[in-house]
Structure formats: C-alpha cells, structure tokens
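Hi,

Here is the structure I promised to pass on. Have a look at it first, and then read on for my notes.

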Amino acid sequence: MRARLRSSPYQYLLSRRVERAKTMLRDPSVPIAAIAVACGFTSQSHLNAVFKRLTNVTPGRYRKG
C-alpha cells in the first residue's frame, strides 16, 4: 500500500485532514481549535504542527491569506 500511495497510511490520513482543515479555515467564524477537533486532530497544537509541516504556514496565517 505504501508504494501505491507514496506515503504511509497515517501520512495519507494526515494530509486528508489538513485538506479538510483548509476548507474549514475559509470560514473565519469557526475557531481553529474547533476545526482541529472536527478534522480529527488531538488538539489545536497538533493541527498547527502537522499543518505547518505539510504547507509551510500555520493555520492562522493560512486563514489570513
């Protein structure tokens, strides 16, 4: 499976969660902590770390544009 996806199943899952978070970040009325929980992250800091690692920006900066 790893060869087909070019990443581990867990890394694939994290990338899908980040993509969902990107969509949710378009709504400024939803707190980033709520987005983290809705996307399956254990905390806002977990979302921040993974989001920054995969996109090179934090969720807050991504939201600002």
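To start with, which are the buried residues of helix 4? They are Leu47, Val50 and Phe51. Keep in mind that this is a predicted model, so everything below is computed from it.

Looking down the axis of helix 4, those buried residues fall within an arc of 100°, so they line one face of the helix. That fits the general picture: an α-helix has 3.6 residues a turn, so residues three or four places apart point the same way. The partners of that face are helix 2 (9-24), helix 3 (32-38) and helix 5 (59-64), against which the buried residues pack.

The length of helix 4 checks out too. Its 12 residues (44-55) should span 16 Å at 1.5 Å a residue, and the end C-alpha atoms are indeed 16 Å apart.

Leu47, Val50 and Phe51 also turn up in the largest nonpolar core, which has 12 residues. Among the others there are Leu14, Val18, Ile35, Cys39 and Phe41. Helix 2, helix 3 and helix 4 are the elements that give two or more residues to this core. As a general point, nonpolar side chains in soluble globular proteins tend to be buried together.

Val18 is a good one to click on: leaving out residues up to four places away in sequence, it touches Phe41, Val50, Phe51, Leu54 and Thr55. While you are at Phe41, look for Arg17, whose charged end sits over the Phe41 ring, 6.0 Å from its centre.

Now for the aromatics. How many aromatic pairs does a search of the whole structure find? One. Phe51 and Tyr62 make an edge-to-face pair, with 5.4 Å centre to centre and 70° between the planes. The pair links distant parts of the chain, since Phe51 is in helix 4 and Tyr62 is in helix 5, 11 residues apart. Phe51 counts as buried because its relative accessibility is 0%, under the 20% cut-off. Tyr62, at 30%, lies between 20% and 50% and therefore counts as partly exposed.

Last, a backbone detail. Right after helix 4 comes Asn56, in the loop between helix 4 and helix 5. Asn56 has a positive phi of about 70° although it is not a glycine. Most residues other than glycine have a negative phi. With a relative accessible area of 64%, over the 50% cut-off, Asn56 is exposed.

Cheers

Conventions. Residues numbered from 1 in each chain as written. Predicted model: local features only at pLDDT ≥ 70, side-chain atom pairs only at ≥ 80, totals over all residues. Heavy atoms only, no water. Helix = DSSP H or I, 4+ residues; strand = E, 2+ residues; numbered from the N terminus. Expected span 1.5 Å × (residues − 1). Buried < 20%, exposed > 50% of the residue type's maximum accessible area, 1.4 Å probe, protein only. Arc of directions from axis to C-beta. Contact = heavy atoms within 4.5 Å. Phe/Tyr/Trp six-rings, centres within 6.5 Å; stacked < 30°, edge-to-face > 60°. Lys NZ or Arg CZ within 6 Å of the ring centre and 35° of its normal. Core = buried A, V, L, I, M, F, W, Y, C linked by side-chain atoms within 4.5 Å.
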